[in-house]
Amino acid sequence: MNDARWMAVALGLAERGKGRTAPNPNVGCVLVRDGRIVGRGWTQPGGRPHAEAMALAEAGEAARGATAYVTLEPCAHVSPRGPACSDLLVAAGVARVVAALRDPDPRTDGTGFARLEEAGIAVESGLMAAEARRSMAGFLTRLAKRRPHVTLKLATSLDGRIALSTGESKWITGPQARAHAHLERARHDGILVGRGTFLADVPKLDVRLPGLADRAPRRILLSATGPTPPDWERIADIADIRHLAGIDTLMVEGGAKAATAFLRADMVDRLLLYRAPILLGGGKPAVEAFGLAALSEAHDRWRLLDSRLLGSDRFEVYERN
């Protein structure tokens, strides 16, 4: 069987919805019959239609006897916005369902699998589970920790500086790295900067990539006092990110104080590090002291997931162990 091949396709489709489906997970689904894809789907903006519904609509009668590869257990609860996907798969007559993850949402949590099995559909789960967890980290973090999944983005010199001592910071990294950072913005529900960064840079925090302008995340200002600019939302404390409805993935992009606050609170799940091949000497550091009492506490906290060159800049992705 080519189960891993087809699940990889489903995971790729799931990425299309990233940053657009909250509070629903960004799920991908492919229907395969006789070695050929007959239906493809991914969760649509706002959370509906679900991936399975989209794939079944495309497949039509070809879904009968097919295998459904889906990155999350098909939902079992009926919503005013649409039927349960497990019921749709049963009605369509699929023969087999291969899922990457069981859905931890208590409204489903195994009930979707049980409903499929009761209808005589073969069910398998766990294939490429780690990749699926990474893809749906926002949804899973919201359920487990009652807050968004937080990505901290840092663009630094080789010596860990984000600006000259004068405050000049445009641009530390080159155009390829900046374009990649805009792509990352498009994959998040919200983006946050501190008051200092807002006043110094007046950032737009938009997505300046062809065809992705409409993917700009909601703009969040971290500030205990002061006015809230138009089209921005303000929170007084980082704990308030828990109350940002519809934001399951949050990118922290600006300033050393904001970055330090999230690190101090142990609320950073993922690091994006863009390093330019330059030295600034006595410039502004990317982060300040955030409470480590011993060097041993700094080790084994981060795992490298990706490393590549973007033009002349080094890009690295780390996730929490």
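UniProt positions are given here in the numbering used for this structure, feature names are shortened, and annotations may be inferred rather than shown by experiment. Residues are numbered from 1 along each chain as its sequence is written, and side-chain values use heavy atoms, with hydrogens and water left out. The model is predicted: local features need pLDDT of at least 70, side-chain atom pairs count only at pLDDT 80 or more, and totals for chains, interfaces and linings use all residues.

**Exercise 1. Find the residue that UniProt lists for "active site", and work out where it sits and what it touches.**

Step 1: Check the record. The unreviewed UniProt entry lists E52 for "active site".

Step 2: Place it. E52 belongs to helix α2, residues 51–59 (helices are DSSP runs of H or I with at least four residues, strands are runs of E with at least two, both numbered from the N terminus).

Step 3: Is E52 buried or exposed? E52 counts as buried, because its relative accessibility is 3% (buried is under 20% relative accessible area, exposed over 50%, partly exposed in between, with a 1.4 Å probe and protein chains only).

Step 4: List the contacts (heavy atoms within 4.5 Å). Skipping neighbours within four places in sequence, E52 touches C29, V70, L72, P74, C75, C85 and L89.

**Exercise 2. Some of those contacts are cysteines, including C29 and C75. How many disulfides does the structure hold?**

Step 1: Recall the idea. A disulfide is a covalent bond between the sulfur atoms of two cysteines. The cut-off used here is a pair of cysteine sulfur atoms within 2.5 Å.

Step 2: Count. There are zero disulfides.

Step 3: Look at the distances. C29 has the sulfur of C85 as its nearest cysteine sulfur, 8.3 Å away, and is in no disulfide. For C75 the nearest is also that of C85, at 3.8 Å, and C75 is in no disulfide either.

Step 4: Check burial. C29 counts as buried at 1% relative accessibility, and so does C75 at 6%.

**Exercise 3. Which residues of helix α1 are buried, and what do they pack against?**

Step 1: Check the length. Helix α1 covers residues 3–15, and at 1.5 Å a residue its 13 residues should span 18 Å; the end C-alpha atoms are 19 Å apart, which agrees (the expected span is 1.5 Å times one less than the number of residues).

Step 2: Name the buried ones: D3, W6, M7, A10, L11, L13 and A14.

Step 3: Look down the axis. The buried residues of α1 fall within an arc of 160°, so they line one face of the helix (the arc is that of the directions from the helix axis to the C-beta atoms).

Step 4: Find the partners. These buried residues pack against β1, β2, β3, β4, β5 and α5.
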